[in-house]
Amino acid sequence: MAKFVIAGKANCPYYAKAELLADYLQKNLPDFQIFKITQHPDEWEDWLEDVCERNMWDHRNSPIIWRELLDRGGRGLLLGGYNEFLEHAQLYYGVTSNMTTELMMVIAKENMQMHTEQELDKENMKDLISPLQVWIASAGTYVCCHLIPLLVSGEVFGTNSEISLTLFDQEQREDCLRNIVMETQDLASPVLRTVSFCTTVKKAFLQAQVIIILDDSTEEEVYSMESCLRSRVPLCRLYGYLIEKNAHESVKVIVGGKSFVNLKTTLLMQYAPTIASNIIAVALGVEGQAKAVLARKMKTTSASIKDVIIWGNITGNNYVDLRKAKVYNYESAVKGPPGYYHSVLNSIFDREWITQEFVKTLQSLSSTGKQFGGILAAHSIATTLKYWNFGSPPGEIVSLGVMSEGQFGIPEGIVFSMPVKFENGTWMVLTDLEDISLSEKILNRLADDLIQEKLIAFGDLLTFQPIKEVSDPQVDKPSGPDLNEEKEQAGSDDSYGKNEDQ
């Protein structure tokens, strides 16, 4: 039996002529078989060079035709191009081709169109059968153990999307990663195709479609805030380079943790500029803390409280905005139909608690990192990813750290937490919200911290200099949510008064 392979550029007229002649021979000769290969014109030369090198052939044009001799223990016998194939057909089978040049061009055009469609179908099929490549950086940290069950639950990426999970960390964390891999396999999740670990830097984020950046587990001693800020640069520079080099072009990068989240996001954007718009910082953890503190005061559940906005530095000097905050299913004298809500500010009559205790509690949580443990961090990351994939609840405000483009008067070029919504696989800043503008004093306080962090990290500023605020001589309150500012800006009841130190 004669087995021939005909390969050529998809738009080559001579390939088209050889193809039709081979089709005729295969149809009329029982012992004649052909196998066709088309390549895109842009890929043809590299493909041909590779085939010739492997088989030690010398051929430079399209098409290339050879006879397979695998059934005889051989690797293939080069016949040549179109002319050699035509001579072979005339000599052995008494058949020739009378195809006109015009018809050759028409068929070549059709071949090119068919090749393009077939390649597109292959890519679509590949998307259907290929698992989503998810990478977790600094996977040896305790947050990862809480995060993995959420990622493989089917809620974050969908029950119809299989994922391939890769855990990345330093080489000295290999034993820890190996244990996490084994425990993850024990989950027997139906959406988890594979789980593995990687400690080889140059292979990090290979074909990654989702990258989760956790707090890095460094053992280096840091003696000042400035040195701590600068210590973030080398790792973020490395990650940025690896993401640019290895990750999928549409990769989504989400930065979580409890230290310098805004700065790390800014640095990653600096060193991975082509995907900067797909890098975000998680703020739902701080939002959740604020809701929990409010819920304990109001004797309700934190899930009943919505639309708390976190402005500024997620893991530092931020502003908790309650002007849009709502509480649902709240026990009060005023009742309403399903979906009815009360304003949080109008439902808490203890003004002093909000301006002092509430502020101090949140500041303590932010400065110490207490209660922002593995469960909260993992849940915040997973929920943000779920919203990114499937959209946030309709009408609900979500806080997210994104690069400022001047919205709300925020200086450009810093990652700033602000109100957004997720929709159709992306996010958008809610610039159309009414009555949420911030005073110049608050904006300056929030932006100044982030600008200084960035300048110190890049070596353009030596020391961090906090803004000194003028305080009331009787009550020295810490920076934080400003109820009076909220009341004045929202036009609320004047009985709350004014406090110039906030």
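**Exercise 1. Overall composition**

How many helices and strands does the protein have? State also what share of its residues is buried and how its contacts are distributed along the sequence.

*Solution.* The model is a predicted one. Step 1: the elements number 15 helices and 18 strands. Step 2: of the 502 residues in the protein, 49% are buried. Step 3: consider contacts between residues at least 6 apart in sequence; 69% of these join residues at least 24 apart. Step 4: the protein exposes about 25700 Å², of which carbon and sulfur atoms supply 50%.

**Exercise 2. A sheet and its helices**

Determine the strand order of the open sheet that contains β1, and identify its edge strands.

*Solution.* Step 1: the sheet has 4 strands in the order β2-β1-β3-β4, and the pairing is mixed. Step 2: β2 (32-39) and β4 (77-80) each have a single partner strand, so they stand at the edges and one side of each lacks a neighbour in the sheet. Step 3: from one strand to the next, the twist averages 25°.

Step 4: β1 (residues 2-9) and β3 (residues 64-67) run antiparallel and are joined by 4 bridges. The bridge partner of V5 in β3 is W66. Step 5: helix α1 (residues 13-28) packs on the sheet, where it touches β1, β2 and β3. The direction of α1 makes about 155° with that of β2.

**Exercise 3. Helix α2**

Describe the length, placement and buried residues of helix α2.

*Solution.* Step 1: α2 (residues 41-55) lies across β1, β2 and β3 and runs at about 35° to β3. Step 2: the helix has 15 residues and spans 22 Å from its first C-alpha to its last, close to the expected 21 Å. Step 3: W44, W47, L48, V51, C52 and N55 are the buried residues of α2. An α-helix has 3.6 residues a turn, so residues three or four places apart point the same way. Step 4: the cover over the buried residues of α2 includes β1, β2 and β3. Step 5: M56 follows the helix and has a positive phi, near 60°.

**Exercise 4. The surroundings of G8**

Is G8 buried or exposed, and which residues does G8 touch beyond four places in sequence?

*Solution.* Step 1: G8 belongs to strand β1. Step 2: the relative accessibility of G8 is 0%, and buried means under 20%, so G8 is buried. Step 3: leaving aside residues up to four places away in sequence, G8 touches Y15, I37, T38, Q39, W44, S62 and P63. Step 4: G8 and I64 are 56 residues apart along the chain, yet their C-alpha atoms are separated by 6.2 Å.

Step 5: P63, one of the residues that G8 touches, is found in the loop between α2 and β3. The peptide bond from S62 to P63 is cis, with omega near 5°.

**Exercise 5. Positive phi in loops**

Where do D307 and F408 lie, and what is the phi of each?

*Solution.* Step 1: most residues other than glycine have a negative phi. Step 2: D307, which is not a glycine, has a positive phi of about 65°. D307 is in the loop between β11 (305-306) and β12 (309-312), and D307 is buried at 3% relative accessibility. Step 3: the phi of F408 is also positive, near 60°. F408 lies in the loop between β16 (398-403) and β17 (415-423).

**Exercise 6. Salt bridges**

The structure holds 13 salt bridges. For D23 with K36, E174 with R178, and K264 with D215, give the closest N and O separation and the location of the partners.

*Solution.* Step 1: in the pair D23 and K36, the closest N and O atoms are 2.9 Å apart. D23 is in helix α1 and K36 in strand β2, so this pair ties together parts 13 residues apart in sequence. D23 is partly exposed at 26% relative accessible area, as is K36 at 33%.

Step 2: in the pair E174 and R178, the corresponding separation is 2.5 Å. Both residues lie in helix α6 (residues 174-186), 4 residues apart, which is about one turn of the helix.

Step 3: for K264 and D215, the closest N and O atoms are 2.9 Å apart. K264 is in helix α9 (residues 261-271) and D215 in the loop between β8 (210-213) and α7 (225-230), 49 residues apart. Both K264 and D215 are buried.

Step 4: salt bridges with shared partners join E19, D23 and K36 into one network.

Key:
Residues are numbered from 1 along each chain as its sequence is written. This is a predicted model: local features need pLDDT of at least 70, side-chain atom pairs count only at pLDDT 80 or more; totals for chains, interfaces and linings use all residues. Side-chain values use heavy atoms; hydrogens and water are left out. Two strands pair if DSSP finds at least two bridges between them. Helices (H or I, at least four residues) and strands (E, at least two) are DSSP runs, numbered from the N terminus. Axes are lines fitted to C-alpha atoms, for helices over the stretch in contact, and angles run from 0 to 180 degrees between N-to-C directions. Contact means heavy atoms within 4.5 Å. The expected span of a helix is 1.5 Å times one less than its number of residues. Buried means under 20% relative accessible area, exposed over 50%, partly exposed in between (1.4 Å probe, protein chains only). Accessible areas come from the Shrake-Rupley method with a 1.4 Å probe; for residues, only the protein chains shown count as cover. A salt bridge is a side-chain nitrogen of Lys or Arg within 4 Å of a carboxyl oxygen of Asp or Glu.
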